[in-house]
Amino acid sequence: MTTLSAVDLTDPEDREQQADVTRRLLYFLNAPIVEHCRLRGVLPAPGAVRIAIRAGDDENARDFLYEIPNDAVTPYYVPGLLRTVLTGPQLHSSSDVDEVMGMALIRLRPQEITPDPEPEQGRALTAVRALSGAGDDENPFLIGFLMHGDGLLRLYLQRTDRPGIVGADIRITEMPATALIASLPSLVEEDQYRQPSPDDPHCDLLVDLTNW
């Protein structure tokens, strides 16, 4: 059984990774990661993040702690990595298995695992969350969204230069669309992307960024 002293995350990159993984997994407190597997926690460890999972129903549930090295995968791919591990048979060497706090600790080797693709809802969540700043309550940019079509997400954005709402269509078939999300405030002001919105009464005009 592994015994650890209190973890001191002195490396700024480790702290950032830990916080990012924690934010990305908060959604799974209300929804299972896969069927019969629920998130129990996100714990810090030296150079790694540990994800606590309860697998099985209430009568036969078991708790697992999956350790993922910080330098092996970006936070965006952690949910997909867990889905792969939890839905298929996995072989682990004895050196990768331990016990911590009554949970079976399994040290994953991400380079040997293909992350399960992010579902459409997860990709939409990533985009919406990136535009929802906690400090934007008084002057919000994102004020609504709609998943529609084949892998399309319509973002309802409040323009900063004049009254009115812009509906911006983006594709969420490939995420993270970091550059697109960061460029949205300027892109919605460019005339080349704008078009009327006759069929959507929730915005004044549409901005088509599906091919950006």
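In this predicted model, Arg194 makes contact with Arg159, Arg162, Val188, Glu189, Leu205, Leu206 and Val207, leaving aside residues up to four places away in sequence. Arg194 belongs to strand 9. Along the chain, Arg194 and Leu209 are 15 residues apart, and their C-alpha atoms are separated by 9.3 Å.

The strand that holds Arg194 is part of a wider arrangement. An open sheet is built from 5 strands in the order 6-7-8-10-9, and the pairing in this sheet is mixed. Strand 6 (142-148) and strand 9 (194-196) each have a single partner strand and stand at the edges, so one side of each is left without a neighbour in the sheet. Going from one strand to the next, the twist averages 30 degrees.

At one of these edges, strand 6 runs antiparallel to strand 7 (residues 152-158), and 6 bridges join the two. Within this pairing, Leu142 stands opposite Leu157 of strand 7. Helix 3 (residues 120-131) packs on the sheet and touches strand 6, strand 7 and strand 8 (165-171). The direction of helix 3 makes about 165 degrees with that of strand 6. Helix 4 (residues 178-187) also packs on the sheet, where the helix touches strand 7, strand 8 and strand 10 (205-208). Here the angle between the direction of helix 4 and that of strand 8 is about 150 degrees. Strand 7 and strand 8 are thus touched by helix 3 and by helix 4. The link between strand 6 and strand 7 is a hairpin with 3 residues between the strands. In the turn of this hairpin, Gly149 has a positive phi of about 65 degrees.

A further sheet can be described in the same terms. In this open sheet, 5 strands follow the order 1-2-3-5-4, again with mixed pairing. Its edges are taken by strand 1 and strand 4, each with a single partner strand, so one side of each is left without a neighbour in the sheet. The twist of this sheet averages 30 degrees from one strand to the next. Strand 4 pairs with strand 5 in the antiparallel sense, over 4 bridges, and Val97 stands opposite Ile106 in strand 5. Helix 1 packs on this sheet by touching strand 1 and strand 2, and its direction makes about 165 degrees with that of strand 1. Helix 2 packs there too, touching strand 1, strand 2 and strand 3, with its direction at about 130 degrees to that of strand 3.

How much of helix 2 is buried? The helix is mostly covered, with 9 of its 10 residues buried. These buried residues are Val78, Pro79, Gly80, Leu81, Leu82, Arg83, Thr84, Val85 and Leu86. Their packing partners are helix 1, strand 1, strand 2 (48-55) and strand 3 (62-69).

Helix 2 also takes part in a pocket. The second largest pocket has a volume of about 220 Å³. Its lining is made of 16 residues, and those nearest its centre are Tyr27, Phe28, Arg83, Glu118 and Gly122. One of these, Arg83, is also among the buried residues of helix 2. At least two lining residues come from each of helix 2 (78-87) and helix 3. Helix 3 gives the most, with 5 residues. By character, the lining residues divide into 9 nonpolar, 3 polar and 4 charged.

Finally, two loops hold residues with a backbone angle worth a look. The phi of His36 is near 70 degrees, which is a positive value in a residue other than glycine. His36 is found in the loop between helix 1 (12-25) and strand 1 (37-45). Is His36 buried or exposed? His36 is exposed, with a relative accessible area of 51%, where the cut-off for exposed is over 50%. Met101 likewise has a positive phi, near 55 degrees, in a residue other than glycine. This residue sits in the loop between strand 4 (97-100) and strand 5 (103-107), the strands that pair in the antiparallel sense. Met101 is exposed as well, and its relative accessible area is 66%.

Definitions and conventions. Residues numbered from 1 in each chain as written. Predicted model: local features only at pLDDT ≥ 70, side-chain atom pairs only at ≥ 80, totals over all residues. Heavy atoms only, no water. Pairing = 2+ DSSP bridges. Axes fitted to C-alpha atoms, helices over the stretch in contact; angles between N-to-C directions. Contact = heavy atoms within 4.5 Å. Buried < 20%, exposed > 50% of the residue type's maximum accessible area, 1.4 Å probe, protein only. 1 Å grid on protein atoms, 1.4 Å probe; cavity = no way out; pocket = protein on both sides within 12 Å on 5 of 7 lines; lining within 4 Å. Points joined across faces, edges and corners; volume = space filled by probe spheres on them. Nonpolar A, V, L, I, M, F, W, Y, C, P; charged D, E, K, R; others polar.
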